[in-house]
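Morning, everyone. I'll put the structure on the screen, and then we'll walk through it piece by piece.

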Amino acid sequence: KIRFIYRMIGAFEQSLQKQFNLNINEAMLLCVVNDKNNISCGEIAEEMGLTNSNTSKVISSLEKKKLICRHYCKEDLRCMKFSISDKGKDLLSTITCDNVQLPAEIRCLAE
């Protein structure tokens, strides 16, 4: 069953990659930053259940794609916060339940 679930998640991620050029973590991070504007790396990691190191890699990927923006805190330049860019908002607006195809087996679990 574990292998089956892993394959279904892999199929879902391939679909995301083909349609939107995002992997699962990038899509989740984009949603988190959209929901919680000006959020820190640590807060993102906590929201997503990822390590700080893995979160930094995903942030870097989305910054390179210009989907999120980095801002330094005025009171402490060591502090960084992230927000979604206009390009990120545009991409996120195209991702809907109607055009994201979940494998049928996962769809049954989600309902």
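Before the sheet, one definition: two strands count as paired if DSSP finds at least two bridges between them. Also keep in mind that this is a predicted model.

Let's get the overall layout first. The protein chain has six helices and three strands. Going along the sequence, the pattern reads α-α-β-α-α-β-β-α-α. Of the 111 residues, 34% count as buried. How much of the contact map is long-range? Take contacts between residues at least 6 apart in sequence: 51% of them join residues at least 24 apart.

Now the sheet. The three strands make an open sheet, order 1-3-2, with antiparallel pairing. Strand 1, residues 39-40, and strand 2, residues 68-72, are at the edges. Each has a single partner strand, so one side of each has no neighbour in the sheet.

What joins strand 1 to strand 3? Two bridges, and these strands run antiparallel. Strand 3 covers residues 80-84. Look at Ile-39: opposite it, in strand 3, stands Phe-82. Helix 2, residues 24-35, packs on this sheet and touches strand 1, strand 2 and strand 3. The direction of helix 2 makes about 100° with that of strand 3.

Stay with strand 1 for a moment and find Ser-40, which sits in that strand. Is Ser-40 buried or exposed? The relative accessibility of Ser-40 is 17%, and buried means under 20%. So Ser-40 counts as buried. Set aside the neighbours within four places in sequence, and Ser-40 contacts Met-80, Lys-81 and Phe-82. Ser-40 and Phe-82 are 42 residues apart in sequence, yet their C-alpha atoms are 6.2 Å apart in space.

Next, the cysteines. A disulfide is a covalent bond between the sulfur atoms of two cysteines. How many do we count here? One disulfide. The partners are Cys-73 and Cys-79, with their sulfur atoms 2.0 Å apart. The cut-off for the pair of sulfur atoms is within 2.5 Å, so this pair qualifies. The two partners can be placed by accessibility. Cys-73 is at 6% and counts as buried. Cys-79 has a relative accessible area of 22%, which makes Cys-79 partly exposed. Two other cysteines to note: Cys-31 is partly exposed at 35%, and Cys-69 is partly exposed at 29%.

On to the core. In soluble globular proteins, nonpolar side chains tend to be buried together. Here, the largest nonpolar core has 24 residues. Which residues make the most contacts inside that core? Leu-22, Leu-29, Leu-30, Ile-44 and Ile-68. Where does the core come from? At least two residues each come from helix 1 (2-20), helix 2, helix 3 (41-48), helix 4 (52-64), strand 3 and helix 5 (86-94). Helix 2 gives the largest share, six residues.

Zoom in on Leu-29. Beyond the neighbours within four places in sequence, Leu-29 is in contact with Ile-44, Met-48, Thr-55, Val-58, Ile-59, Leu-62 and Ile-68.

One of those partners deserves its own look: Thr-55, in helix 4. Is Thr-55 buried or exposed? Buried, at 0% relative accessibility. Leaving out the neighbours within four places, Thr-55 touches Leu-29, Cys-41, Ile-44, Ala-45 and Leu-50.

Now a helix pair. Two packed helices are described by the angle between their axes and the distance between the axes. For helix 2 and helix 3, the axes come within 10 Å and cross at roughly 120°. The crossing is right-handed. Which residues meet there? From helix 2, Asn-25, Met-28, Leu-29, Val-32 and Val-33; from helix 3, Ile-44, Glu-47 and Met-48.

Last stop, Phe-20 in helix 1. Phe-20 is buried, with a relative accessible area of 9%. How far is Phe-20 from Leu-91? In sequence, 71 residues; in space, 7.7 Å from C-alpha to C-alpha.

To recap: an open, antiparallel sheet in the order 1-3-2, helix 2 packed on that sheet, and one disulfide. And helix 2 supplies the largest share of the largest nonpolar core. That's my tour, thanks.

Notes:
Residues numbered from 1 in each chain as written. Predicted model: local features only at pLDDT ≥ 70, side-chain atom pairs only at ≥ 80, totals over all residues. Heavy atoms only, no water. Helix = DSSP H or I, 4+ residues; strand = E, 2+ residues; numbered from the N terminus. Contact = heavy atoms within 4.5 Å. Axes fitted to C-alpha atoms, helices over the stretch in contact; angles between N-to-C directions. Buried < 20%, exposed > 50% of the residue type's maximum accessible area, 1.4 Å probe, protein only. Core = buried A, V, L, I, M, F, W, Y, C linked by side-chain atoms within 4.5 Å. Left-handed = near helix turned anticlockwise from the far one by under 90°.
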